[in-house]
Amino acid sequence: MDSGNLKIAVQKSGRLSEKSMTLIKESGIRLTQEGKLKLVSAGQNFPVEVLFLRDDDIPQYVADNVADIGIVGENEVMEKQKPVDIIDRPGFAKCRLSLAIPQSMEYNGLSFFNGRKIATSYPKILQKFLTENKIGAEIHEISGSVEIAPGIGLADAIFDIVSSGSTLISNRLKEVEVVLRSEAVIIASRDISGPKKHILDQLLFRIHAVLNAGNNKYILLNAPNESLEKITALLPGMKSPTIMPLAEKGWSSLHSVVNENDFWDIIQKLKELGAQGILVIPIEKMIV
Ligand code: PRP
Ligand code: ZN
């Protein structure tokens, strides 16, 4: 029997696990403490269940409604080609899907792969790329530890996820072609409706509040009154900045919100406009 809770599939262990769980926790969801081997954990204060699965299986489970939504690498969604919708991009686990060869081998372009054997867990994505580029290579599908294949003579090259690149280095491989880029996505079943849709909307609202907060900082500063107009233009804030007079005549205190991406640029300009005592404070949640 379906409990009516929204079931969220996350990667049991791997690149996405920790950040996925952080996102759920920062959304204010407390989960029952379960042992490491437990596959399901229930929300104590929010109607969800978290299912811990292999990332490769998540698209299938969501398509079959075993889970309602999943947090998974876009690479798995593209490879598995299941009927699910990508509903959000939380902005973490950015990586590339690349071809890599032994460091000792010389690389002279894509034709290198003609007649070679390539090990991968992503045969569909790779086949499409090879066909598009008219390369005739043999794809050897393996489900894990792809990076050891060349070293043990199982393949000439690999096609796999590269994030920091340390897996490649420790296996004496070098990345020679980036085929596509990937990141974490939230996927949803196409059959969510009624009360579950309502829980999902609430959850997405919370997730957005967490993600918005992460990109923004609260900023406080003191400025001479004659610069206030220019500073306000630099720091529009959520609606407009708060401005309060200081005890010292001709000066005001200004509070606003600044995006992390523009941060250093803006700080430089603020100093040029005579701003002093600039404080920058992290924001925990932000509802826009
Ligand atoms: C991927 C991939 C590599 C590793 C690369 O595993 O298989 O092992 O990440 O990361 P690096 O460049 O930082 O060393 P992933 O967690 O995506 O899932 P998997 O173990 O199911 O392949
Ligand atoms: Zn996997």
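**Exercise 1. The largest pocket**

Task: In this predicted model, find how much space lies in the largest pocket, and work out which domains it lies between.

Solution:
- Step 1. Start with the volume: the largest pocket holds about 560 Å³ of space.
- Step 2. Look at the lining, which is made up of 28 residues. Those nearest the centre of the pocket are R15, Y122, E147, D160 and I161.
- Step 3. Now assign the lining to domains. Residues come from domain 1 (6-92 + 184-213) and also from domain 2 (95-181), so the pocket lies between these two domains.

**Exercise 2. What the lining is made of**

Task: Find which helices and strands each supply at least two residues of the lining of the largest pocket, and how the lining residues divide into nonpolar, polar and charged.

Solution:
- Step 1. Three elements each give at least two residues: α3 (74-80), β9 (157-162) and α5 (166-170).
- Step 2. Strand β9 gives the most, with 4 residues.
- Step 3. Sort the lining by residue type: 13 are polar, 8 are charged and 7 are nonpolar.

**Exercise 3. The zinc ion**

Task: Name the protein donors of the zinc ion (ligand 2), then decide whether D55 is buried or exposed, and do the same for D56.

Solution:
- Step 1. The protein donors are D55 and D56, each through an OD atom, and they lie 2.0 to 2.1 Å from the zinc ion.
- Step 2. Recall the cut-off: a residue is buried when its relative accessible area is under 20%.
- Step 3. D55 has 17% relative accessibility, so D55 is buried. D56 has a relative accessible area of 15%, so D56 is buried as well.

**Exercise 4. Two residues in their surroundings**

Task: For K196 and then M244, give the helix or strand that holds the residue, its accessibility and its contacts beyond four places in sequence.

Solution:
- Step 1. K196 sits in helix α6, which covers residues 194-215. Its relative accessible area is 11%, so K196 is buried.
- Step 2. Leaving out residues up to four places away in sequence, K196 touches D2, G4, N5, L6, K7 and D68.
- Step 3. M244 belongs to strand β13, residues 242-245. With 36% relative accessibility, M244 counts as partly exposed.
- Step 4. With the same sequence neighbours left out, M244 touches S252, S253 and H255. Along the chain, M244 and H255 are 11 residues apart, and their C-alpha atoms are separated by 8.6 Å.

Note on methods:
Residues numbered from 1 in each chain as written. Chains lettered and ligands numbered in written order. Predicted model: local features only at pLDDT ≥ 70, side-chain atom pairs only at ≥ 80, totals over all residues. Heavy atoms only, no water. 1 Å grid on protein atoms, 1.4 Å probe; cavity = no way out; pocket = protein on both sides within 12 Å on 5 of 7 lines; lining within 4 Å. Points joined across faces, edges and corners; volume = space filled by probe spheres on them. Nonpolar A, V, L, I, M, F, W, Y, C, P; charged D, E, K, R; others polar. Domains from an automatic or database assignment. Buried < 20%, exposed > 50% of the residue type's maximum accessible area, 1.4 Å probe, protein only. Contact = heavy atoms within 4.5 Å. Donors = N, O, S within 2.8 Å, 3.2 Å for Na, K, Ca; no water.
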